[in-house]
Amino acid sequence: MSEVESLSRQDWDVVVVGGGNAALCAAIEAAEAGCRVLILEGAPEPYRGGNSRHTRNFRCMHKGPLSVLTDSYGEDEYFDDLMLVTKGETDEDLARLAIRSSEDCLPWMEAHGVRFQPSLSGTLSLSRTNAFFLGGGKALVNAYYNTAEDLGVSVAYEAQVKHVEVRDGRFEAVQAEIAGAPCRIRGRAVILASGGFQADIDWLARAWGPSARNFLIRGTPYNRGVVLNDMLEQGAESVGDPTQCHAVAIDGRAPKFDGGIVTRLDCVPFSIVVNREGERFYDEGEDVWPKRYAIWGRLVAAQPDQVAYSIIDSRSIDLFMPSVFKPDQADSIEELAEKLELPPDKLKETVVHFNAACREGDFYPTELDGLATQGISPAKTNWARPISEPPFYGYALRPGVTFTYLGLKVDRTARVSDAQGRYDNIWAAGEIMAGSILGQGYLAGFGMTIGTVFGRIAGQEAAAHVN
Amino acid sequence: MSINIVQGVETDQETEAIQEARRQVEICNACRYCEGYCSVFPAITRKRLFAEGDLTQLANLCHNCRGCYYACQYTEPHEFALNIPKILAEVRSESWETFAWPGGLARRFQESGVTMALLLTAGLALFFALIQFLQPESGRGFYAYLSHGLMVALFAPAFLLPLATIAISLRRYWRSVGGARVRLSQLKTAFLDAAQLRNLSGGQGQGCNFEQGTRYTDRRRWLHQAVLYGFLLCFASTSSATLMHYVMGWEAPYGFFTPPKLLGVPGGILLMIGTAGLAWLKLRAAPELGAVRVWGGEMAFVLLLFLVAATGLALYAASGTAAVSPLLAIHLGAVLTFFLLMPYSKMVHGFYRLAALVRDAQQKESTQ
């Protein structure tokens, strides 16, 4: 009997769709409650873990020093931080539940194999709020798979769920293809933790507009939203803006998918950013980079061909984290323009114009130095130093999509519902429901908090239902 | 300051391994998720450009614990195709060949366990022949089979000359990595790191990912400690015997409650356990996360060390029996082979590792 047949013949207590952080937390909780659990991970084994494999920390409330976290980080401060980025686009009840539960989650994570470390170099600002995973998100994913295996959880890789069978508000089975072989897998409860739809470029293009075809996807190519779409078509209640995605400006030469952390470019504040026409379009020095990181995805997306170019001179090359791809380099602006395929005369004019608007003053790369341009629009309000010392460097920027906001609406027990009310036995966790809490923007390490908290709740609730 | 980061610091004479190591390490430097595992990653973050000497230093700092490989989002089939433990192992073994004197010997013995076995056979044959033809008229213990004078005449140069060539190699290494004058505090840091095998601890004492994939285990560290301290005890045993012989005029054989035996017997047992264990781990570990080219030579070296320890203990156990003569020939042949191979086998890693740890301590100090 093949593996697929054997999986199909069994009556599983809990079927978990997806194989990232939320799915694993759910599976572990359900298995610890005595359930027979099957994880259907859409990716092949080397790529297991969804976007969790690219993550690196967990934002955690704590009343005093906890594990690697210093000082304290209270519920209200955490919630305020969330409100700042979401501009109110959040379900306060669920958000506070996630925040309050995070404190218990950290020791739970450690007890289930996750190792934390003090914040990485260059991220000291997060040492109080975010606990970093030793080795990053893939190490966390590995630890959870090992724990799940020890608990007897079964895992099928390359298991792509096509349809969730729901009859009279009750889940009965999923229809899937495992390594290409179609099958039907029955279960007494299902937990949907299969992420958003950002890797389905056609869907992105329908939602955002055709320019989305030029976006790069920072994470897994396996989050194509098949299950999300299937549930929405069956009338499940949704949450989050269906047209929006979280995007940042990343290196334009990054791979189409899965480029992850190394494709980020931190040079923008020390540069001028021009579009394909060689024109500036926004204040590059508006704020320190982590705070302004996210808006540049949107800004670049609005430019012709969804591309922009960040240009610095030799004085700034050491001021930011090294990039994975080397910049183009030239001894004159015109030569650099040719290498970047920008109009040389126009770029020269932009640089001359910008340089003329720079004034004398002190330049402090690590703080808002107020060194602003005078008399040009858009202004550069900090770190406005002439681009004048060759060699000159240029990096292409493109929007890199992190995740999408559209998701399944859930309640405090992670239960999914349709117009008739809650489904009997369908729960959701992770990116597929994160839009309930994170309706806009992004807060570092909060995706992992939502995934962990609601993954655990979903696992516990599904197990309670089955038992 | 103006650096040419596009042209970089490459030279024309670089090997493919160096170029590939640079490609991979530059990706690591843009990621930095692995900072908590060992000294290699913090050392990477202290640089922006990686000259050949920098990569040689990183390679010799790497203990091949493999934690970073399993944590990496960019291993194959990802197009970035990172495999840091492997590429650093390749650069490391290549560097030992480059710095070895005379060159060429290292390549031969690193790659080929068979060559090592041939040398061993020659060593054994030599001692069987010596015992056969030059057995002294009188003498106690081992010296009844081979005179003390002859042993010293053979082993003093066989031990000291390889050490001298290692000194030459280390000097070449030090120059290549841009080492500065060594201070006592740096030595202390390096010896403490080595004594605890801190870089095999996984950063938090959970151990490494050598033989069990994504699961951490501390076996390799414990077994390597057994080899390290077993070896040091055996070395101390021999040294104490030398002192007793020359300073106190107290000649072998020695009873159990004397320093040579009290140090040597536990040392030999530890060495046997450690080498057998490391060979077993090596069979279970994925070869493609190390330098595949030198797998045979490394395995042969571990087994040679096992043979040295096992025959040494067997020799003691066989005292007074007819087995002493052949066992003595085998033991001395193995020891001679081991000595001669010090500069050209895995044994040399200990010397380079210490040098790399000292250099790392210097670089840490200079950035503080």
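Two strands count as paired here if DSSP finds at least two bridges between them, and this is the sense in which the word is used at the sheet stops of this tour through a predicted model.

**Stop 1: a small sheet in chain A**

Select β3 (57–59) and strand β5 (residues 130–133) of chain A, which run antiparallel and are joined by 3 bridges. Within this pair, Asn57(A) stands opposite Phe132(A) in β5(A). Adding β4 (116–117) of chain A to the selection completes an open sheet of 3 strands, with antiparallel pairing and the order β3-β5-β4. The edge strands are β3(A) and β4(A), each of which pairs on one side only.

**Stop 2: around β19 of chain A**

Move next to strand β19 (residues 421–428) of chain A, together with strand β9 (residues 181–192) of chain A; these two run parallel and are joined by 3 bridges. The bridge partner of Ile191(A) in β19(A) is Trp427(A). Now add strand β18 (residues 415–418) of chain A, which runs antiparallel to β19(A) and is joined to it by 3 bridges. Here Arg415(A) is the residue that stands opposite Trp427(A), and a hairpin of 2 residues leads from β18(A) to β19(A).

**Stop 3: a helix of chain A and the residue after it**

Select helix α3 (residues 75–86) of chain A, whose 12 residues reach 16 Å from the first C-alpha to the last, close to the 16 Å expected at 1.5 Å a residue. Extend the selection to Lys87(A), which follows α3(A) and has a positive phi, near 50 degrees.

**Stop 4: chain A as a whole**

Zoom out to the whole of chain A, whose secondary structure comes to 12 helices and 19 strands. Along its principal axes, the C-alpha trace of chain A spans about 75 × 45 × 40 Å. A compact globule of 467 residues would have a radius of gyration near 23 Å, and the 24 Å of chain A agrees with that. Of the 467 residues of chain A, 55% count as buried. Among the contacts in chain A with a separation of 6 or more, 75% are between residues 24 or more positions apart.

Colour chain A by domain, taking domain 1 as 3–242 + 405–466 and domain 2 as 248–400. The centres of these two domains of chain A, taken over C-alpha atoms, are separated by 35 Å. Where they meet, 14 residues of domain 1 of chain A are in contact with 17 residues of domain 2 of chain A, and the domain 1 side of this contact has 6 nonpolar, 7 polar and 1 charged residues.

**Stop 5: the two domains of chain B**

Turn to chain B and colour domain 1 (16–98) and domain 2 (101–367) separately. Their centres, again over C-alpha atoms, are separated by 27 Å. Between them, 26 residues of domain 1 of chain B are in contact with 29 residues of domain 2 of chain B. On the domain 1 side, the elements that give two or more residues are α3 (52–61), α4 and α5 (84–99) of chain B, with the largest share, 7 residues, coming from α5(B). By class, that side divides into 10 nonpolar, 11 polar and 5 charged residues.

**Stop 6: two helices of chain B**

Select helix α11 (residues 259–284) of chain B, whose 26 residues should span 38 Å at 1.5 Å a residue, and whose end C-alpha atoms are 37 Å apart, which agrees. The buried residues of α11(B) include Pro260(B), Leu263(B), Gly267(B), Leu271(B) and Leu278(B). To see part of what covers the buried residues of this helix, display α10 (219–246) and α12 (295–317) of chain B.

Continue to helix α13 (residues 324–341) of chain B, in which Pro326(B) lies. Is Pro326(B) buried or partly exposed? Since 20 or more other C-beta atoms within 10 Å are needed for a residue to count as buried, Pro326(B), with 16, is partly exposed. A distance drawn from Pro326(B) to Tyr344(B), 18 residues away in sequence, comes to 27 Å from C-alpha to C-alpha.

**Stop 7: where the chains meet**

Finally, show both chains and select the contact between them, in which 32 residues of chain B are in contact with 31 residues of chain A. On the chain B side, the elements giving two or more residues are α1 (16–31) and α4 (67–71), and α1(B) gives the most, with 5 residues. This side of chain B has 14 nonpolar, 12 polar and 6 charged residues.

Terms used: Residues numbered from 1 in each chain as written. Chains lettered and ligands numbered in written order. Predicted model: local features only at pLDDT ≥ 70, side-chain atom pairs only at ≥ 80, totals over all residues. Contact = placed C-beta atoms within 7 Å. Helix = DSSP H or I, 4+ residues; strand = E, 2+ residues; numbered from the N terminus. Nonpolar A, V, L, I, M, F, W, Y, C, P; charged D, E, K, R; others polar. Domains from an automatic or database assignment. Rg over C-alpha atoms; globule rule 2.2 N^0.38 Å. Buried ≥ 20, exposed ≤ 12 C-beta atoms within 10 Å, placed from the backbone. Expected span 1.5 Å × (residues − 1).
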